[in-house]
Amino acid sequence: LDSRTGTGSGFPPFLRVTAAKELDLRYGENPHQAAAFYRDAVPPAGTLAGFRQLQGKALSYNNIADADAAWECVKSFDAPASGAGAAACVIVKHANPCGVAVGKDAHEAYAKAFQTDPTSAFGGIIAFNRTVDKAAAEAVVKQFVEVLMAPDFTAEALEIFKPKVNVRLMKIALPK
């Protein structure tokens, strides 16, 4: 019921959305399908739409879908002020979390998340709510990963992933 008029559903008969095509994706949900990624002119803070790809091959529809699931989960953990407190890591495969953990830093959070289901983590999407540092990068680089997301990466971490040219590194700001 529309609280303004006392009638109808309260939803407008038309909803117009304007979005800009950001990039063509490698493929759609299946390899024979085309897909594109559209972004609001001003994406909401802390959402996947605000990503910046630092390296790696082009994203697919499935990469975006899984990355969104991982990012939404990891950002639900408190982002500690001034860098203190627990770090969180989420590993997603086929839109399902297969590892979620917190630790004193990104490396410990990853190690715990990976131990949850190492088989499903193979080829997964990994998200951190903290900066990926050298120790975390050295651990993650040992497994096959499609996408790695974090609010930031240290210079050492970026160097560790540089030879892994297909790994998509995505930098995304956490919501404030």
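## Pro151 and its surroundings

Pro151 is placed in the loop that runs between β7 (145–150) and α5 (155–161). The model described here is a predicted one. The relative accessible area of Pro151 is 17%, and because the limit for a buried residue is under 20%, Pro151 counts as buried.

When neighbours within four places in sequence are set aside, the contacts of Pro151 are Trp71, Phe128, Asn129, Arg130, Thr131, Lys171, Ile172 and Leu174. Gly124 provides a further point of reference: it is 27 residues from Pro151 in sequence, and the two C-alpha atoms are 18 Å apart in space.

## Overall architecture

The secondary structure of the protein consists of 5 helices and 8 strands. Their order along the sequence is β-β-β-α-β-β-α-α-β-α-β-α-β. Measured out along the principal axes, the C-alpha trace spans about 60 × 40 × 30 Å.

Of the 176 residues in the protein, 39% are buried. The protein exposes about 9,900 Å², and carbon and sulfur atoms account for 55% of that area. Where contacts join residues at least 6 apart in sequence, 44% of them are between residues at least 24 apart.

## Salt bridges

There are 9 salt bridges in the structure. One of them pairs Arg39 with Glu22, with 3.2 Å between the closest N and O atoms. This pair links distant parts of the chain, since Arg39 belongs to strand β2 (residues 36–40) and Glu22 to strand β1 (residues 19–24), with their positions 17 residues apart in sequence. The two partners fall into separate accessibility classes: Arg39 is buried at 12% relative accessibility, whereas Glu22 is partly exposed at 41%.

Lys21 forms a salt bridge with Asp24, and the closest N and O atoms of this pair are 2.8 Å apart. Lys21 itself is partly exposed, with a relative accessibility of 47%. Another salt bridge joins Lys162 to Glu159, at a closest N to O distance of 3.0 Å. Glu159 is likewise partly exposed, its relative accessible area being 48%. In addition, a network of salt bridges links Lys104, Asp105, Glu108 and Lys112.

## The largest pocket

Rolling a probe the size of a water molecule over the atoms shows where empty space is left. The largest pocket of the model contains about 230 Å³ of space. Its lining is made up of 16 residues, and those nearest the centre of the pocket are Tyr27, Asn62, Asn63, Asp66 and Glu146.

Two elements, α1 (61–74) and β6 (124–128), each contribute at least two residues to this lining. The greatest contribution comes from α1, which supplies 4 residues. Sorted by class, the lining comprises 6 charged, 6 polar and 4 nonpolar residues.

Terms used: Residues are numbered from 1 along each chain as its sequence is written. This is a predicted model: local features need pLDDT of at least 70, side-chain atom pairs count only at pLDDT 80 or more; totals for chains, interfaces and linings use all residues. Side-chain values use heavy atoms; hydrogens and water are left out. A salt bridge is a side-chain nitrogen of Lys or Arg within 4 Å of a carboxyl oxygen of Asp or Glu. Buried means under 20% relative accessible area, exposed over 50%, partly exposed in between (1.4 Å probe, protein chains only). On a 1 Å grid over the protein atoms alone, a cavity is a set of points where a 1.4 Å probe fits but cannot get out, and a pocket is an open set with protein on both sides within 12 Å along at least five of seven lines; lining residues have an atom within 4 Å of a point. Grid points are joined across faces, edges and corners, and a volume is the space filled by probe spheres set on the points. Ala, Val, Leu, Ile, Met, Phe, Trp, Tyr, Cys and Pro count as nonpolar, Asp, Glu, Lys and Arg as charged, and the others, Gly among them, as polar. Contact means heavy atoms within 4.5 Å. Accessible areas come from the Shrake-Rupley method with a 1.4 Å probe; for residues, only the protein chains shown count as cover.
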